[in-house]
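Thanks for making time for this. I would like to walk you through one structure, going from a pocket to the strands and then to two of the helices, so please keep the picture in view as I talk.

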Amino acid sequence: MSTQSARKTVVGLIADTGMPLSLAVSLKDSLPAQLVSDLDNGAGWEVEVAEFSLPLAGNGEVELNAHSRQLREAGGWDYLVYLTDLPQYERGEPLASSVNAGSGSAIVVLPALGIVRKKRLQLAVVQALAA
């Protein structure tokens with residue numbers, strides 16, 4: 001029987017400078033307990049926060065999918081969630097979040113959440129990770 005505990009699942013929460021970063025920092029301590037409660041994986045969760053702004057494509061869209069694998073590997077993260085205050089649209093409609101399960105990444109768009117409250121943002125991140 002191994003005395004080592006199972007490795008925690010690590011979420012890299014990257015955020016643009018300013019409000020997105022402040023909100024990411026505010027989630028760092030409370031988000032793991034919410035993830036255990038909602039998405040029990042048997043090993044626990046750890047959240048790491050990093051300030052990072054992803055480049056935009058020519059159409060003004062955030063290029064998360066093009067960089068997610070490299071960012072996850074560099075950070076040693078199992079999942080990557082990007083918080084941005086840049087409005088994003090899909091077919092002309094505001095986008096609140098987008099998940100790419102294949103790359104283990106998601107983007108949460110703060111303007112689409114309205115007035116951002118910590119609990120509302122935390123729920124959006126958990127929902128993105130559950131997808």
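Let me begin with the lining of the largest pocket, whose residues divide into six nonpolar, five polar and two charged. Please bear in mind throughout that this is a predicted model. The volume of this pocket is about 200 Å³, and of the 13 residues that line it, those nearest its centre are V62, L64, N65, S98 and I107. If you want to find it by following the secondary structure, the elements that contribute two or more residues to the lining are α3, residues 64–75, together with β6, residues 97–100, and β7, residues 105–109.

From there I would turn to the strands, and to β3 in particular, which covers residues 79–84. Is this strand enclosed by the rest of the structure, or left open? Five of its six residues are buried, so β3 is largely enclosed by the rest of the structure. On the sheet itself, β3 runs parallel to β1, residues 9–15, and five bridges join the two, with A15 standing opposite L83 of β3. The strand β3 also pairs with β7, again in the parallel sense and over five bridges, and there the bridge partner of L80 is S105 in β7.

While we are on β7, let me point out V109, which lies in that strand and is buried, with a relative accessible area of 1%. Apart from its neighbours within four places in sequence, V109 is in contact with T84, L86, P87, Q88, L95 and A96. By way of distance, V109 and G75 are 34 residues apart in sequence, and their C-alpha atoms are 22 Å apart in space.

A second residue to look at is A50, which belongs to strand β2, residues 45–51, and which is partly exposed, at a relative accessible area of 23%, where the cut-off for buried is under 20%. Its separation from L13 is 37 residues in sequence, yet 6.4 Å in space from C-alpha to C-alpha. Beyond its neighbours within four places in sequence, A50 touches L13, I14, A15, L21 and W77.

L21 takes us to helix α1, residues 19–27, in which P20, L21, L23, A24 and L27 are buried. Viewed down the axis of α1, these buried residues fall within an arc of 165°, so they line one face of the helix. The face turned away from that buried side carries M19 and V25, which are exposed. As for what the buried residues of α1 pack against, the list is β1, α2 (31–38), β2, β3 and α4 (118–130).

How does α3, the helix we met at the pocket, arrange its own buried residues? In α3 the buried residues are L64, S68 and L71, and, seen down the axis, they fall within an arc of 85°, so they too line one face of their helix. A general point helps here: an α-helix has 3.6 residues a turn, so residues three or four places apart point the same way. On the face of α3 turned away from the buried side are the exposed residues A66, R69, Q70, E73 and A74, while the buried residues pack against β1, β3 and β7. Finally, just after α3, you will find G76 with a positive phi of about 70°.

Note on methods:
Residues are numbered from 1 along each chain as its sequence is written. This is a predicted model: local features need pLDDT of at least 70, side-chain atom pairs count only at pLDDT 80 or more; totals for chains, interfaces and linings use all residues. Side-chain values use heavy atoms; hydrogens and water are left out. On a 1 Å grid over the protein atoms alone, a cavity is a set of points where a 1.4 Å probe fits but cannot get out, and a pocket is an open set with protein on both sides within 12 Å along at least five of seven lines; lining residues have an atom within 4 Å of a point. Grid points are joined across faces, edges and corners, and a volume is the space filled by probe spheres set on the points. Helices (H or I, at least four residues) and strands (E, at least two) are DSSP runs, numbered from the N terminus. Ala, Val, Leu, Ile, Met, Phe, Trp, Tyr, Cys and Pro count as nonpolar, Asp, Glu, Lys and Arg as charged, and the others, Gly among them, as polar. Buried means under 20% relative accessible area, exposed over 50%, partly exposed in between (1.4 Å probe, protein chains only). Two strands pair if DSSP finds at least two bridges between them. Contact means heavy atoms within 4.5 Å. The arc is that of the directions from the helix axis to the C-beta atoms.
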